[in-house]
Amino acid sequence: MGQGLVIYGAGGFGREVLQIVKDLNRIAPTWDCRGFLVDSGFVAEQRVHGLPVLGDAEWLRNHVDVQVIVAVGSPAARRRITRRIAAYGNQFATLIHPRAWIGDHVEIPAGCVICAGALITTDIFLGAHTHVNIGSTIGHDAKISDFVTISPGCNVSGGVRLEEGVELGSGAVIVPGVSVGAWSVIGANAVVSKDIPRDCTAVGMPARPIKFRQANWQDA
């Protein structure tokens, strides 16, 4: 039947992740997806695409053999959830859609989700629990830290550095060699041509910070 798996998050991206699981299983029966988990108090249907919503993270206490993939778009929420799950001892899955293209010398650690149409070239490091959404590209020698979200249609050029918790809006372009500081948000269709500091929101062409958050806001 394959390795037991639950998807944490029953929203839109959770359903997209389920589709990745189905497409992988069409090639080889790799995963036995048991259903979805959600935060306590989160309103969700009892069944999503035919699979049950099993409860919250507490469900894992009695199912330590089941692997987990966190399908939550917000980097801060994803980090909070993964820290809670790690305390139960469950392993995190890594899901790569069969129609993603991954070159040689690419590190993809546990918890990553690589969606259909993603192109990742060579000599690239992805941090744990990074999401690379549909149709996004990552060029040579890029370094992506933990809990980064790369939304659909982004272009991350060669030598780019995305620090922990960065969130790129759909269609964002990061030009070669630029760095984006930890826990910053880049707006949709922005063009980042200069380094962006941490804890800010940057928009436009070229992208400029328009709002700053207090340090450690992601832990609030």
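In the predicted model, Asn133 is placed in the loop that runs between strand E12 (131-132) and strand E13 (137-138). Asn133 has a relative accessible area of 8% and is therefore buried, the limit for that class being under 20%. Residues up to four places away in sequence aside, Asn133 touches Phe13, Glu16, Cys115, Ala118, Thr149, Ile150, Ser151 and Pro152. One of these partners, Phe13, is also among the buried residues of helix H1.

A second buried loop position is Cys154, located between strand E15 and strand E16 (155-156). The relative accessible area of Cys154 is 0%, so this residue is classed as buried. Although Cys154 and Asn133 are 21 residues apart along the chain, their C-alpha atoms are separated by 8.3 Å. When neighbours within four places in sequence are left aside, the contacts of Cys154 are Gly135, Ser136, Thr137, Leu168, Gly169, Ser170, Gly171 and Ala172.

The protein contains two helices and 24 strands. Its radius of gyration is 17 Å, close to the 17 Å that the globule rule gives for 220 residues, so the protein is as compact as a globular protein of that length. Along the principal axes, the C-alpha atoms fill a box of roughly 45 × 40 × 25 Å. Of the 220 residues, 48% are buried. Contacts between residues at least 6 apart in sequence include 31% that join residues at least 24 apart. The accessible surface amounts to about 9900 Å², and carbon and sulfur atoms account for 53% of it. The side chains comprise 19 positive and 19 negative ones, with the centres of the two sets 5 Å apart.

Helix H1 covers residues 12-27; at 1.5 Å a residue, its 16 residues should span 22 Å, and the end C-alpha atoms are 24 Å apart, which agrees. The buried residues of H1 are Phe13, Gly14, Val17, Leu18, Ile20, Val21, Asp23 and Leu24. For helix H2 (residues 75-86), the expected span of its 12 residues is 16 Å at 1.5 Å a residue, in agreement with the 16 Å between its end C-alpha atoms. The buried set of H2 consists of Pro75, Ala76, Ala77, Arg78, Arg79, Ile81, Thr82 and Ile85. These buried residues pack against strand E1 (3-8), strand E5 (67-70), E12, strand E15 (149-150) and strand E18 (167-168).

The loop between H2 and strand E6 (95-96) holds Asn90. With a relative accessibility of 6%, Asn90 counts as buried. Asn90 and Val64 lie 26 residues apart in sequence, yet 5.1 Å apart in space from C-alpha to C-alpha. Apart from neighbours within four places in sequence, Asn90 is in contact with Leu60, His63, Val64, Asp65, Val66, Val68 and Ile85. Ile85 in turn is one of the buried residues of H2.

Several backbone features were also noted. Met205 and Pro206 are joined by a cis peptide bond with omega of about 5°, and Pro206 is situated in the loop between strand E23 (200-203) and strand E24 (208-212). His105, a residue other than glycine, has a positive phi near 60°. This histidine, His105, occurs in the loop between strand E7 (101-102) and strand E8 (106-107) and is exposed, with a relative accessible area of 60%. Asn216 likewise has a positive phi, near 65°. Asn216 belongs to the segment after E24 and is partly exposed, at a relative accessible area of 47%.

How values were computed: Residues are numbered from 1 along each chain as its sequence is written. This is a predicted model: local features need pLDDT of at least 70, side-chain atom pairs count only at pLDDT 80 or more; totals for chains, interfaces and linings use all residues. Side-chain values use heavy atoms; hydrogens and water are left out. Helices (H or I, at least four residues) and strands (E, at least two) are DSSP runs, numbered from the N terminus. The expected span of a helix is 1.5 Å times one less than its number of residues. Buried means under 20% relative accessible area, exposed over 50%, partly exposed in between (1.4 Å probe, protein chains only). The radius of gyration is taken over C-alpha atoms; the globule rule is 2.2 Å times the number of residues to the power 0.38. Contact means heavy atoms within 4.5 Å. Accessible areas come from the Shrake-Rupley method with a 1.4 Å probe; for residues, only the protein chains shown count as cover. Lys and Arg count as positive and Asp and Glu as negative; His and the chain ends are not counted. The place of a charge is taken as NZ of Lys, CZ of Arg, CG of Asp or CD of Glu.
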